[in-house]
Amino acid sequence: MTNQKGVDVGIQTESNWEDPKQRKYRRLKHKVLEFIAKHKSAQSSVDKANRRVQVLQQEKRRLMRANKNGGIGNTIATGETGETAKSGILKQDADMMDEDDEVDQLVDEDEEMAGVSPSPKPKRTTGSRRKPVEVARDEDGKVILPVQIASLKVIELGTVIHDRPGFHSERYIWPVGYTVERTYMSMVDPENQSTYTCKVEDGGDGPTFTIQAADTPDEEIISARTPTGAWATVIKRANEVRKRESANAISGPEYFGFSNPLVAEMIEALPNADECQYYVARSKR
């Protein structure tokens, strides 16, 4: 008789193989082996997830230390150091904002302002394509303002200053007079949001980015030399009034609307945009 695999040799007899109890034993042992294999696979998935969690926790601690050391608000907003700082602002409650068309990521626009090319960012893929926003134009083909793009409302596109290099970089053009509105957590009312008006003003050798909240009209207008520098103050105050810390990095250019493809397209169509020496059009990147 040939020995059967999966069953103890000592009990393999002609009579035992016909025993109903022995058949039941074989079925149970087969199920146990299947369970062990599934358990190993599940454990492997859990181990991978745990390693991912550890990496994310380390990154969170790194960002928290950077924020605690003052590398975000003071350095960027006031420019107290001569060296450009990495922009890293912490964000709370992303679901409070309709940011469907934006990626919440840290963008080093201080390097952009200094004319340094940033490292390439991975492209984000989505499961479905969104319907493009239709922009109304007049008989001459000019955009009819205002234009609503998700949570961003474009009020004015401004004027391109092409003969002063500080008003553009390889990735962005900052037209003087550019004005947009968007909603975000209020800096004075922890229960509500507020409308923020973001503008680009002429700062001489480069742009000045300003923000004014609708529910604090009498307070001083927030201003900085970079988009993230301006939004740093807003986010810091909004979190302080809620007595909580921030959690995720956000991008100043996104909150001003500069990284939105449709906004970039409208700015590229402005007079003298093609005269900006260092700017590279989105279609050529």
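Proline 146 sits in the loop that runs between α4 (109–113) and β2 (147–149). This is a predicted model, and in it the bond from leucine 145 to proline 146 is a cis peptide bond, with omega at about 5 degrees.

**From the loop into the strands**

Step past proline 146 and you come to β2, which covers residues 147–149. What does β2 pair with, and in which sense? The partner is β3, and the two strands pair in the antiparallel sense over three bridges. For one concrete contact, look at valine 147: the bridge partner of valine 147 is valine 154 in β3.

β2 and β3 form a hairpin with two residues between them. Alanine 150 is in that turn, and its phi is positive, at about 55 degrees. That is a positive value in a residue other than glycine. Is alanine 150 buried, partly exposed or exposed? With a relative accessible area of 32%, alanine 150 is partly exposed, because that value falls between the 20% limit for buried and the 50% limit for exposed.

Now jump to lysine 243, another residue with a positive phi of about 55 degrees although it is not a glycine. Lysine 243 is found in the loop between α5 (227–241) and β8 (248–250). Its relative accessibility is 79%, so lysine 243 counts as exposed.

Here are the two residues together:

| Residue | Phi | Relative accessible area |
|---|---|---|
| Alanine 150 | near 55 degrees | 32% |
| Lysine 243 | about 55 degrees | 79% |

**Carrying on through β4 and β5**

Back at the hairpin, β3 (152–156) also pairs with strand β4 (residues 179–185), running antiparallel to it and joined to it by three bridges. Across this pairing, lysine 153 stands opposite glutamate 181 in β4.

β4 has a further partner in strand β5 (residues 193–202): these two pair in the antiparallel sense over seven bridges. Methionine 185 stands opposite glutamine 193 in β5.

How many residues of β4 are buried? Five of the seven are, so β4 is largely enclosed by the rest of the structure. As a rule, side chains in a regular strand alternate between the two faces of the sheet. One residue to look up in this region is arginine 182, which lies over the face of tyrosine 255, at 4.8 Å from the ring centre.

**The aromatic rings**

There are 11 aromatic pairs in the structure. One of them is made by tryptophan 174 and phenylalanine 209, an edge-to-face pair at 6.2 Å centre to centre with 85 degrees between the planes. This pair links distant parts of the chain, with its two residues 35 residues apart. Tryptophan 174 is in the loop between β3 and β4, while phenylalanine 209 is in strand β6 (residues 207–213). Both tryptophan 174 and phenylalanine 209 are buried.

Phenylalanine 256 and phenylalanine 258 make a pair of another kind: their ring centres are 5.8 Å apart and their planes are at 5 degrees, so this pair is stacked. Why do these two residues count as buried? Phenylalanine 256 does because its relative accessibility is 0%, and phenylalanine 258 does because its relative accessible area is 3%; the limit for buried is under 20%.

Phenylalanine 258 belongs to the loop between α6 (252–256) and α7 (261–268). Which residue lies 6.7 Å from phenylalanine 258, C-alpha to C-alpha? That residue is tyrosine 172, and in sequence the two are 86 residues apart. Ring pairs tie Tyr172, Trp174, Tyr178, Phe209, Phe256 and Phe258 into a cluster.

**Out on the surface**

For a look at the outside, go to helix α2 (residues 20–68), where you will find leucine 33. With a relative accessible area of 52%, leucine 33 is exposed, because exposed means over 50%. Leucine 33 is also part of a nonpolar surface patch of about 390 Å², made by Val32, Leu33, Phe35 and Ile36.

Technical notes:
Residues are numbered from 1 along each chain as its sequence is written. This is a predicted model: local features need pLDDT of at least 70, side-chain atom pairs count only at pLDDT 80 or more; totals for chains, interfaces and linings use all residues. Side-chain values use heavy atoms; hydrogens and water are left out. Helices (H or I, at least four residues) and strands (E, at least two) are DSSP runs, numbered from the N terminus. Buried means under 20% relative accessible area, exposed over 50%, partly exposed in between (1.4 Å probe, protein chains only). Patches are made of residues with over 30% relative accessible area and no salt bridge: like charges are joined within 9 Å, nonpolar side chains (Val, Leu, Ile, Met, Phe, Trp, Tyr) within 5 Å. Accessible areas come from the Shrake-Rupley method with a 1.4 Å probe; for residues, only the protein chains shown count as cover. A salt bridge is a side-chain nitrogen of Lys or Arg within 4 Å of a carboxyl oxygen of Asp or Glu. Two strands pair if DSSP finds at least two bridges between them. Rings of Phe, Tyr and Trp (its six-membered ring) pair if their centres lie within 6.5 Å; planes under 30 degrees apart count as stacked, over 60 as edge-to-face and the rest as tilted. A charge sits over a ring if NZ of Lys or CZ of Arg is within 6 Å of the ring centre and within 35 degrees of the ring normal.
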